Amino acid sequence: MALISILKGTLAYGDAPLLQQADFALEPGERICLVGRNGAGKSSLLKVLSGENQLDDGRMISRQGLKVVRLAQDPPLDIHGTAYSMAARAIPVVGEALAEVSLGHDEDGSSAAFIEKHDGWKYDGEICRILNKMQIDPQISLESLSGGWRRKVALAAALVCEPEVLLLDEPTNHLDIETIGWLEQWLLAYSGTLMFITHDRAFADDLATRIVELDRGRLYSYPGNFAAYLRLRDERLRLEELANKEFDRVLAEEEAWIRRGVKARLARNEGRVRNLEDLRRQRRERRDRMGRAIMQISEADRSGNIVFELTDLNVSFGDHSVINNFSATVMRQDRIGIVGPNGAGKTTLIKVMLGLMHQTHGKVRRGMNVEYQYFDQYHEKLNLQKTVADNVAEGRRDVIINGKTRHVISYLSDFLFTGRRARSPASVLSGGEKNRLLLARMFARPCNVLVMDEPTNDLDLETLELLEDLIASFNGTVIVISHDRRFIDKVATETWVFDGHGNIETIVGGWSDVQAYYQRREQYARALRQEVKSAPAAKKTAADDKPDAEADSSAKRGISFTERHELELLPQEIEVLEHKLAELDAKAADPSIYSGDGTEVKELLAAREQVSSELEAKYARWEDLEERSHA
């Protein structure tokens with residue numbers, strides 16, 4: 001039996017209904033990914049399912065006493081208290097009392113008594129367990145947290161009360177890749193029913209058992225994961241296009257017939273006229289699929305070959321160092337992906353590079369003729385009180401794109417904003433529409449360097465794919481921070497990886513190359529550890545193979561003058577081999593060596609094995625001569 005059902009549901013906030021006679025059923029144990037274009041009404045549907053909003057028409061039936069929790073799309077604005085108190089408040093009955101006790105506001109002990117009475121202390125351990133798993137200090141002040149960390153605390157609050165139905169609106173927004181991986185594992189083990197909205201294709205592929213698409217007020221269900229959905233959706237749209245073409249052909253024939261003149265007295269003709277009126281009504285009510293966005297970057301003149309040069313860069317806040325001795329050179333047409341944990345200093349680094357912040361030590365040199373545009377993840381450049389058009393054209397009627405003048409309304413239509421939407425305040429836009437507006441604003445200004453901080457948040461699939469293609473064809477330089485693994489794979493030719501402790505590693509390629517590099521390095525380190533462990537055993541075995549009599553006679557024999565001279569030279573020879581081995585190890589740790597066809601790696605490992613064997617032989621010889629010299 002379905003936990004929640006919608007029958008002939010209708011919901012409208014503007015001209016076009018978000019839901020139009022839609023049917024839906026949420027079954028126990030499902031993990032549903034809800035997809036659709038920006039502004040299609042996905043977040044509104046989750047609000048209806050959680051009971052926060054009501055349908056305009058139709059019925060919603062939910063099981064009596066069903067416990068439903070929804071994670072909102074944006075980081076919480078009410079940020080007083082601690083991480084523990086925010087998570088505790090999500091728990092029914094005793095949540096507020098737990099929060100009061102944790103904040104030290106229970107002077108008279110009434111909150112503690114209330115918790116005791118309702119057996120609420122059991123939730124204390126669960127709150128701490130979830131927060132610790134997400135690496136959140138329970139007592140950290142919410143005011144000190146970035147948007148990404150506030151988002152993590154809000155997610156912890158949604159998970160901690162273990163609802164029967166969990167509704168997550170863009171749960172991966174502002175989360176780092178490591179936390180996204182942990183969340184995937186947690187949700188796979190979650191015994192309740194899950195429905196989520198996400199732009200992260202890898203996240204949807206790993207989790208979803210069913211995809212539900214909200215398209216022009218209708219809900220379409222596709223069994224399987226995200227890859228299966230793409231195939232089935234394309235087939236549905238192909239059949240829909242064929243049906244619409246046939247409908248339009250019949251309508252055109254009937255319109256031509258009516259224009260030739262009708263003898264209305266004939267019953268046959270009267271029926272045909274009524275049929276034409278019905279066809280006209282159907283055509284008026286038909287909602288054609290919104291076209292694809294058309295994005296074009298207004299390109300400035302070429303920059304110099306060197307765009308940014310960083311030398312021994314250090315950035316600290318008090319005693320906390322976020323960037324330690326980082327040096328790198330960004331060349332023209334480089335595509336740099338930046339990944340790492342929240343709060344590791346990714347946004348700080350690009351602000352220092354752009355001159356929006358100052359480094360503690362080190363040098364940042366910007367190249368010749370660098371004209372950049374910066375996409376900030378919190379939309380700080382948008383004035384929400386101004387209209388969409390004024391945010392782009394700043395009060396003018398036209399914008400200039402690559403030397404051509406265009407009316408701002410026409411330009412915004414390329415980004416899927418209707419004329420009415422373009423004249424609306426930016427405050428009414430959804431998260432995805434704000435991202436599209438920021439892209440439109442940024443691309444309308446000439447640049448040869450794009451710096452983008454989390455541009456993929458809230459973007460629908462088609463706009464995301466278009467952005468990937470646009471960046472790939474851009475003639476300038478791109479620096480992008482993202483936690484979207486597939487996006488980094490598609491756009492990055494080099495990835496800077498923050499470890500969260502101030503260190504940054506540069507790796508050639510995208511996210512798949514980062515994973516492969518760390519896997520190779522771990523395998524190499526494991527092989528070295530195994531070699532170190534097996535070396536003493538090998539020496540012992542070799543010694544045990546000698547007859548006792550031969551060993552005794554060798555020990556009693558002493559050493560000759562030539563052997564004594566050899567013993568004096570052995571420490572220097574061993575030092576040379578050790579230095580050579582260290583150089584080979586340093587080369588093996590360089591990520592660039594793994595970007596080729598593997599020939600250089602094989603030669604390097606063969607050379608290392610030879611030097612290691614020579615070193616072991618020298619150690620064994622030194623040990624033998626030392627023992628005999630003392631004898």
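Arg365 is partly exposed, because its relative accessibility is 35%. In this predicted model, the side chain of Arg365 meets that of Glu309 in a salt bridge, with 2.9 Å from N to O. Glu309 belongs to strand β10 (residues 306-317) and Arg365 to strand β13 (residues 361-366), so the bridge ties together parts that lie 56 residues apart in sequence. Glu309, at 25% relative accessibility, likewise counts as partly exposed.

A comparable link joins two helices. Glu255 and Arg280 form a salt bridge whose closest N and O atoms are 2.8 Å apart. Since Glu255 sits in helix α9 (residues 226-259) and Arg280 in helix α10 (residues 267-285), the pair ties together parts 25 residues apart in sequence. The two partners fall into separate accessibility classes: Glu255 counts as buried because its relative accessibility of 18% is under the 20% limit, whereas Arg280, at 32%, counts as partly exposed.

Next along the chain from Arg280 comes another charged partner. Arg281 forms a salt bridge with Glu285, and here the closest N and O atoms are 3.1 Å apart. Both residues lie in helix α10, four residues apart, so about one helical turn separates them. Arg281 has a relative accessibility of 33% and is therefore partly exposed. Across the model the count comes to 36 salt bridges. Some charged residues are linked in a network, made up of Arg201, Glu468, Asp469, Asp484 and Lys490.

Aromatic rings add a further set of contacts, with seven aromatic pairs found in the whole structure. The ring centres of Trp186 and Tyr190 are 5.6 Å apart and the planes meet at 20°; the pair is stacked because this angle is under 30 degrees. Trp186 and Tyr190 are both buried. Phe226 and Tyr229 make a tilted pair instead, at 5.5 Å centre to centre with 50° between the planes. These two residues are three apart in helix α9, about one turn of the helix, and both are buried. Tyr222 joins Phe226 and Tyr229 in a cluster linked by ring pairs.

Charged groups also sit over aromatic faces. Arg236 lies over the face of Tyr220, 3.8 Å from the ring centre. Arg272 takes up such a position over Trp257, at 4.2 Å from the centre of the ring.

Turning to the nonpolar interior, the largest core holds 52 residues, of which Ile127, Leu166 and Leu187 touch the most other members. Helix α6 (residues 147-160) gives the most to this core, contributing nine residues. Leaving aside residues up to four places away in sequence, Leu187 touches Arg31, Leu166, Leu168, Leu194, Phe203 and Leu207. A second, separate core has 42 residues, including Phe375, Val388, Ala393 and Val491. In soluble globular proteins, nonpolar side chains tend to be buried together.

The wider picture can be given in a few totals. The protein has 21 helices and 20 strands, and 47% of its 631 residues are buried. Among contacts between residues at least 6 apart in sequence, 67% join residues at least 24 apart. The exposed area is about 31700 Å², with carbon and sulfur atoms supplying 50% of it.

Methods: Residues are numbered from 1 along each chain as its sequence is written. This is a predicted model: local features need pLDDT of at least 70, side-chain atom pairs count only at pLDDT 80 or more; totals for chains, interfaces and linings use all residues. Side-chain values use heavy atoms; hydrogens and water are left out. Buried means under 20% relative accessible area, exposed over 50%, partly exposed in between (1.4 Å probe, protein chains only). Contact means heavy atoms within 4.5 Å. Accessible areas come from the Shrake-Rupley method with a 1.4 Å probe; for residues, only the protein chains shown count as cover. A nonpolar core is a set of buried Ala, Val, Leu, Ile, Met, Phe, Trp, Tyr and Cys residues joined through side-chain atoms within 4.5 Å. A salt bridge is a side-chain nitrogen of Lys or Arg within 4 Å of a carboxyl oxygen of Asp or Glu. Rings of Phe, Tyr and Trp (its six-membered ring) pair if their centres lie within 6.5 Å; planes under 30 degrees apart count as stacked, over 60 as edge-to-face and the rest as tilted. A charge sits over a ring if NZ of Lys or CZ of Arg is within 6 Å of the ring centre and within 35 degrees of the ring normal.
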